Every structure is written in structure tokens, then in C-alpha cells.
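Student: Please take me through the following structure one question at a time, and explain each term as it arises.

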Amino acid sequence: MLLVINGLICSFAQSNTGVEMATGLRSSGKIYVVVAVLVVLFLGLAVYLFTIDRKLSRLEKQQKH
Amino acid sequence: MKHAWWKLLGILLLLYSIIMGILGPVPALPIVHETIRNVYFHVPMWFAMFTLYSISVIYSIKYLSTSNPQDDLVAVESVNVGIVFCIFGLLSGMLWANFTWGDPWPNDPKLNGSAIATLMYLAYLVLRNALEEEQKRAKISAVYNVFAFPIMIVLMYILPKTTDSLHPGAGGNSGFGQFDLDGSMKAVLYPASLGWILIGIWLMTLRYRIRRLEYKHYAAVE
């Protein structure tokens, strides 16, 4: 019984400490490049959305006349 | 552009979620490892879809009481954008499942439920296209929508919780909140969800405004 419990604890301990996370990419600092690229792409899309919105507002104004 | 503050808010929230979602701390868990960050991007798709479907059913009910054709247009465009978010949710989920559950489509009740719900909403769009007369189309599709919405909730949010599911929060699986002791994941997930909801509503209003322009244009021509 004790052995079983001990085994369970060991397997739990292993699964909790032995998880590999992507520390390499982070410690080298290169992950920020990915974040920067994503931010640029997303901001570009956002600006594009705003221009579509503007264009629509203009059309709506035209239609009223 | 006077009422653009919420659009800007949506963009800022998503910017925050992109930066913090990748750089922020996450709990170290077996199997999922860094893919736990997908929670910030996969889950908000479903929040946005749910919000848009809710808007749709509200406007369908509104149409049934007012018979204003513009309410019908809001309802259909909400479903149109909602389906896009649903497809994004399914695709991102399949990609994620392929690497963590070993199969892009495991026989999971939540997946099957959402697939059926998606077909149900696609049927809504097919039904609309099948009806020629404008008032009839608006009325029948509004009634259909009122029935489809609760069935969607049951299929996607209630039934999966009652059986075994690979998704968190069902069948003895714990929700991610249990591992997330300091709430650091919630601090990204909730802003991300609100951001995607706002962007979804924005896309819906854009489509609705185009549709309204078309509608008025044809009304003027006739």
C-alpha cells in the first residue's frame, strides 16, 4: 500500500517538475521579435478596418443627400 | 468616427492579449506545455461567436415584434460574422488538438456538438436564400433563429458538461482556473475575450451598414 502511494507521489512529482517550457527562445530574447511582428500585422489590419469604416460613413452621408 | 471609442478599445485589448499572451507567465503543465497560450486565442473565438449569435436572436425577436426590415438585417449579419468566428474556433481547436490530443477531431461531445450547431446556423442561411419574398423570409428565418439559439446552447455548453469530455470543466476534467493560482491567465483571457467580442461586433456593424446601403439603394431604384 505504502509502495503504491509512494509510486503515485513520485509520478506526480515527475509530471510537475519535468515539464519542458520554451525557456530557450525566451532567454535568448528572440521571442520579442515574434511579438513585434504580430503587433505590426495586427495594427495594420486595425488601420485597414478603420479605413473601411470611414469609407462606409462617407457612402452613408452621400446616400442621405 | 465619433462613436469609435469601443472599436479602439477592442484593438487595444487585443494588442494587450497578443503581447501578454506570448510573454506573460503561464503554468507549466504536462502535454500542453506552451500551447496553453492557445487559450488566449482559441477560447475568445467562441465567446465572440456566442455574443454574435445572442445579438442575432435578440434582433430576430425584435423583428417579430416590430417587423422592421433593418432588425432582420442585423440578425442575419450577426449570424454571418458569428459563423466566421465559429469556423476560426473549429480550425484553431483542430490544430491545437492535433498536437495535444493526438487527433484533429477526437470523438469529443463538445466538438460534435459545435459541429452540429454550426450546421444548424448554416441551414439558417440556406433557409433565407431559399425564400424569395422579403417579409416571409424575414419572419420564417426569425422564428427559426429563436429555436436554433437554445439548441445551440444545449449542444455546445450543456450536453458536453454532462458527459466525459476532453475539454476542461467537464467529466472530471478540471477547468484551467485550478492550475492558475495567481489569476495571471485570467488577466489575459478576459481582456482578450472582450477584445474579440468588440471586434466581432464591429465587423457585424460594417456588414450591416453595407447591407443597409444596398437595401436603401434597391428601394430607391424600385
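Student: How many residues of chain A are in contact with chain B?
Tutor: This is a predicted model, in which local features need pLDDT of at least 70 and side-chain atom pairs count only at pLDDT 80 or more, while totals for chains, interfaces and linings use all residues. Residues are numbered from 1 along each chain as its sequence is written, and chains are lettered from A and ligands numbered from 1 in the order in which they are written. Two residues are in contact if their C-beta atoms, placed from the backbone, lie within 7 Å. By that rule, 19 residues of chain B are in contact with chain A, on which the number of partners is 20.

Student: Which element gives the most to the side of chain B that touches chain A?
Tutor: Helices (H or I, at least four residues) and strands (E, at least two) are DSSP runs, numbered from the N terminus. The elements with two or more residues on this side are helix 1 (5–23) and helix 6 of chain B. With seven residues, the one that gives the most is helix 1 of chain B.

Student: How many nonpolar residues does this side of chain B have?
Tutor: Ala, Val, Leu, Ile, Met, Phe, Trp, Tyr, Cys and Pro count as nonpolar, Asp, Glu, Lys and Arg as charged, and the others, Gly among them, as polar. The side of chain B that touches chain A has three charged residues and one polar residue, and its nonpolar residues number 15.

Student: How is helix 3 of chain A oriented to helix 6 of chain B?
Tutor: Axes are lines fitted to C-alpha atoms, for helices over the stretch in contact, and angles run from 0 to 180 degrees between N-to-C directions. Helix 3 (residues 31–64) of chain A packs on helix 6 (residues 186–221) of chain B at about 25 degrees, and the axes are 11 Å apart. Angles under 35 degrees count as roughly parallel, over 145 as roughly antiparallel, 65 to 115 as roughly perpendicular and the rest as oblique. The orientation of helix 3 of chain A to helix 6 of chain B is therefore roughly parallel.

Student: How many charged residues are in the contact of helix 3 of chain A with helix 6 of chain B?
Tutor: Residues of helix 3 of chain A, including Asp53(A) and Glu60(A), meet residues of helix 6 of chain B, including Arg209(B) and Lys216(B). This contact has eight nonpolar residues and one polar residue, and its charged residues number four.

Student: Which residues of chain A does UniProt annotate as a transmembrane region?
Tutor: UniProt positions are given in the numbering used here, feature names are shortened, and annotations may be inferred rather than shown by experiment. The span in question is 100% helix and 0% strand, with its end C-alpha atoms 31 Å apart. According to the unreviewed UniProt entry, the region covers residues 31–51 of chain A.

Student: What pattern does chain B follow along the sequence?
Tutor: The C-alpha trace of chain B spans about 65 × 40 × 25 Å along its principal axes. Chain B has six helices and zero strands. Its pattern reads α-α-α-α-α-α.

Student: What span is expected for helix 2 of chain B?
Tutor: The expected span of a helix is 1.5 Å times one less than its number of residues. Helix 2 (residues 39–66) of chain B has 28 residues, and the distance from its first C-alpha to its last is 40 Å, close to the expected value of 40 Å.

Student: Which residue with a positive phi follows helix 2 of chain B?
Tutor: The phi concerned is near 60 degrees. The residue that follows helix 2 of chain B with this positive phi is Ser67(B).

Student: How are helix 2 and helix 6 of chain B oriented to each other?
Tutor: Helix 2 of chain B and helix 6 of chain B pack at about 45 degrees, with their axes 8 Å apart. The two helices are therefore oblique.

Student: How many nonpolar residues are in the contact of helix 2 with helix 6 of chain B?
Tutor: Among the residues that make the contact are Tyr40(B) and Phe47(B) of helix 2 of chain B and Trp196(B) and Gly200(B) of helix 6 of chain B. The contact has no charged and three polar residues, and its nonpolar residues number 14.

Student: How is helix 3 of chain B oriented to helix 4 of chain B?
Tutor: Helix 3 (residues 69–100) of chain B has end C-alpha atoms 46 Å apart. Helix 3 of chain B packs on helix 4 (residues 109–130) of chain B at about 150 degrees, with axes 11 Å apart. The orientation is therefore roughly antiparallel.
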